Amino acid sequence: MAERRRPPFYTNSNLMLPILLTLTLAAVGVPAVLWFGIAGLAVALSLSSGAVVFLVLRSQRGVARRLAWDARANRELQRRHFQQTEALLSVFAVLQPRAPLPQTREKFAASPDFLRVVLTEVLTTRPSLVVEASCGLSTLIIAGALKQLGAGRVVSMEHDVFYAEQTRSLLRVHGLDGFATVVHAPLVPFTLEVAAFDRHDWQWYDVSRLRLEQSIDLLIIDGPPSTLQPFARFPALPILWNSLRAGARIILDDGDRPDERAAVAAWCGQFPELSSDFLDLEKGAFVLSRTSPATNHLNRG
Ligand SMILES: C[S@@+](CC[C@H](N)C(=O)[O-])C[C@H]1O[C@@H](n2cnc3c(N)ncnc32)[C@H](O)[C@@H]1O
C-alpha cells in the first residue's frame, strides 16, 4: 500500500547508527588489538567491514523506498494531467472556438473536467436560463453550448468590474454575446438566519441587478472567492431559492474544500427538496437537484 507521506532518504536513525557503530567498534576494537595483537586487528577489521556493508544496505533500502514513492506519485500526476487534457480536448472538439480561450486550471480558473461537466449538463438538459455566480471561462463554455442549441441565455454575476469587462470582451471575440450577459453585481451585505453556521451577517452578489424575468433552470456557483468570508458560497441558495424552478439543477465547483462541503450539508438541511451528488473531479464538485415536493416524497419512499 502506498505510503501517504513522502519517505525521507535518511532518517535520524540512519544518521545515528553509523556514529553508534563506530563508537562501539572503537570501544571493542582498540582493547582487542591491544590484547590479542594481529588476531584482534583481524577481528576488528572484519567487524568493521560487516558494519559498513550493513549500513550501506540499510541506507539503500531507504533510497529505494523513496524512489518507489516518487515513481508512484509521478504516475498519479501524469494520470491526472492526462485526464485534464482529455477533458479539454472534448470541450474544444464540441465547441470548436473561433479564437483562443483563456487558461484553465489556474488559481482562479475552472479545471477542464469541471468545464466538461458544465458543458455536458447544458447540452443534455437544454436550460432556458442559466445563472452563474462569478464569470469567466465557464461563461464562454455555457454560452457556446447554448449557441449550439440555438436557444437559452446565461446571466453571470461578477463583483469585479475589470474581470466582468474582460469576460464581456471574450464573449464578443467568440461571437457569443447574444447568448450571455455579464452583470456587474457588487458584493453587498445580507442577513440570513442560518442555524448551521450560527451567523447572520453575510455578503453576496447584489442580485437586484439580475432583473430575472423567468425562473432559473441551471445555477453554476464558482464565486465569490473563498477569501471573502467563511463558507463564502453558502448564501447562493438561500438568496436564489425562490428563483429556482422545481427540477432546477445546481453545480458547485471546488467541492473538495471543507467550506463548500459544509455549505452543501447546510443547504440539504435547510431545503429538504434538494438532492446532492459529489463528483470526484480535480477540485471536486457537487451537482444538486431541486426536486418537486411530489418527486421528493416518492424518492424518500
Ligand atoms: C473561481 S473564479 C471564477 C472562475 C470562472 N468560473 C471560470 O471558469 O473562469 C472566482 C472569482 O475570482 C476572480 N478572479 C478570476 N480571475 C482572477 C485573477 N486572475 N485575479 C484575481 N481575481 C480573479 C473573479 O472575480 C471571479 O469572480
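**View 1. Helix 4 and helix 5 are roughly parallel to each other, because angles under 35 degrees are counted in that class.** This view, like those that follow, is taken from a predicted model. Helix 4 comprises residues 137-149 and helix 5 residues 161-173; their axes cross at roughly 30°. The two axes come within 10 Å of each other. The crossing of this pair is right-handed.

**View 2. Helix 3 passes helix 4 in a right-handed crossing.** The axes of helix 3 and helix 4 come within 9 Å. Their crossing angle is roughly 25°, and these two helices are therefore roughly parallel to each other. Helix 4 thus appears in two such pairings, with helix 3 and with helix 5.

**View 3. Helix 3 spans residues 112-125 and has the length expected of its 14 residues.** At 1.5 Å a residue, helix 3 should span 20 Å, and the C-alpha atoms at its ends are 20 Å apart, so the two values agree. The buried residues of helix 3 include Pro-112, Asp-113, Phe-114, Leu-115 and Arg-116. Val-117, Val-118, Leu-119 and Val-122 are also buried. Arg-126 follows helix 3 and has a positive phi, near 45°.

**View 4. The loop between helix 2 and helix 3 contains Gln-96 and Arg-105.** Helix 2 covers residues 38-95. Gln-96 is not a glycine, yet its phi is positive, at about 45°. Gln-96 counts as exposed because it has 8 C-beta neighbours inside 10 Å, and the exposed class extends to 12 or fewer. Arg-105 likewise has a positive phi, near 70°, in a residue other than glycine. With 18 C-beta neighbours inside 10 Å, Arg-105 counts as partly exposed.

**View 5. A cis peptide bond joins Gly-223 to Pro-224.** The omega angle of this bond is near 0°. Pro-224 is placed in the loop between strand 6 and helix 6. The bounds of that loop are set by strand 6 at residues 216-221 and helix 6 at residues 236-240.

**View 6. Phe-231 and Ala-232 are buried residues.** Both Phe-231 and Ala-232 belong to the loop between strand 6 and helix 6. Phe-231 has 21 other C-beta atoms within 10 Å; for Ala-232 the count is 24. Each of these residues is therefore classed as buried, the cut-off being 20 or more. The C-alpha atoms of Ala-232 and Ala-263 are separated by 8.6 Å, although the two residues lie 31 residues apart along the chain. The C-alpha atoms of Phe-231 and Asp-113, which are 118 residues apart along the chain, are separated by 23 Å. Asp-113 is itself one of the buried residues of helix 3.

**View 7. The ligand is surrounded by 13 residues.** The closest of them are Phe-108, Ala-110, Ser-134, Gly-136 and Ser-138. Ser-138 falls within the residue range of helix 4, 137-149. By class, the shell around the ligand has 6 nonpolar, 4 polar and 3 charged residues. Among the closest residues, Phe-108 and Ala-110 belong to the nonpolar class, whereas Ser-134, Gly-136 and Ser-138 count as polar.

Notes:
Residues numbered from 1 in each chain as written. Predicted model: local features only at pLDDT ≥ 70, side-chain atom pairs only at ≥ 80, totals over all residues. Near = placed C-beta within 6 Å. Helix = DSSP H or I, 4+ residues; strand = E, 2+ residues; numbered from the N terminus. Expected span 1.5 Å × (residues − 1). Axes fitted to C-alpha atoms, helices over the stretch in contact; angles between N-to-C directions. Parallel < 35°, antiparallel > 145°, perpendicular 65-115°, else oblique. Left-handed = near helix turned anticlockwise from the far one by under 90°.
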